[in-house]
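Here are my notes on the model you sent over. Have it open while you read.

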Amino acid sequence: GRLADAIGPRNILLVCGGVCSAAYFGAALATEAHAKEAFVACLALWAVAAAIKSPALQAFAISAAPEDQRGAALSVPKTVGDLSYLIAPFLLGALDDNFGPEAALTCCASTFLLGTLAFAFRSA
C-alpha cells in the first residue's frame with residue numbers, strides 16, 4: 001500500500017507485470033532437472049511481484065473509477081483473478097500434457113507480457 005502511494009499504482013503494476021513475465025520466461029527455461037534452483041528462484045520472484053502487485057491493483061481500480069462506481073471497480077480485479085483460477089489449470093494442464101511444462105510456462109509469461117503491454121497503452 002505505501003509503495004503504491006509513494007510511486008503510484010500504475011508504475012508498480014507495470015514493473016510487477018514485467019517481473020512476472022520475466023519470472024515465467026525464466027521458469028520455462030529452467031525446467032530441466034539440473035536447473036531446480038533456478039526454477040524455484042523464478043517462482044519465488046514471481047510470488048514477490050504478485051504480492052506487491054495486489055494492493056497496487058486495488059489502488060489503481062479505486063483511482064480510475066468514478067466515485068459512485070468504486071465498489072464495482074474493486075470487485076473486477078478479484079472476479080477476473082478468480083475466473084483465471086477456474087480456467088487456467090485446465091488450459092495449462094492441457095498444454096503441459098501435450099507440449100511440456102515449457103509451453104505452459106511460456107503461455108503464462110506471454111499472457112502476463114501482453115496484459116502488461118495492453119495496460120501500459122490503455123492507462124497512459
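1. A word on confidence before anything else: pLDDT is the predictor's confidence in each residue, on a scale from 0 to 100. The chain averages 91, with 99% of its residues at 70 or more. Helix H1 (residues 2-7) has the lowest mean of the elements, 81, while H2 has the highest, 95.

2. Some ground rules. This is a predicted model, with local features needing pLDDT of at least 70 and side-chain atom pairs counted only at pLDDT 80 or more, whereas totals for chains, interfaces and linings use all residues. Numbering starts from 1 along each chain as its sequence is written, and side-chain values use heavy atoms, leaving out hydrogens and water.

3. On the fold: the chain has 5 helices and 0 strands (DSSP runs numbered from the N terminus, helices being H or I with at least four residues and strands E with at least two). The C-alpha trace spans about 50 × 30 × 20 Å along its principal axes.

4. Now the pocket (on a 1 Å grid over the protein atoms alone, an open set of points where a 1.4 Å probe fits, with protein on both sides within 12 Å along at least five of seven lines; lining residues have an atom within 4 Å of a point). The largest one has a volume of about 1400 Å³, that being the space filled by probe spheres set on the points. It is lined by 33 residues, with Lys53, Val80, Gly81, Ser84 and Phe112 the closest to its centre.

5. Who builds that lining? H2 (9-29), H3 (36-64), H4 (70-99) and H5 (101-122) each supply at least two residues, and H4 gives the most, 14. By class, the lining has 22 nonpolar, 8 polar (Gly counts here) and 3 charged residues.

6. There is 1 salt bridge in the structure (a Lys or Arg side-chain nitrogen within 4 Å of an Asp or Glu carboxyl oxygen). Lys78 pairs with Asp82, with the closest N and O atoms 3.6 Å apart. Both sit in H4, 4 residues apart, or about one turn of the helix.

7. Check the surface too: Phe25, Leu113, Leu114, Leu117 and Phe121 form a nonpolar patch with about 510 Å² of accessible area together (residues over 30% relative accessible area and without a salt bridge, nonpolar side chains joined within 5 Å; areas by Shrake-Rupley with a 1.4 Å probe). H5 supplies the largest share, 4 residues, and Phe121 is in that helix.

Definitions and conventions:
Patch = residues over 30% accessible without salt bridge, like charges linked within 9 Å, V, L, I, M, F, W, Y side chains within 5 Å.
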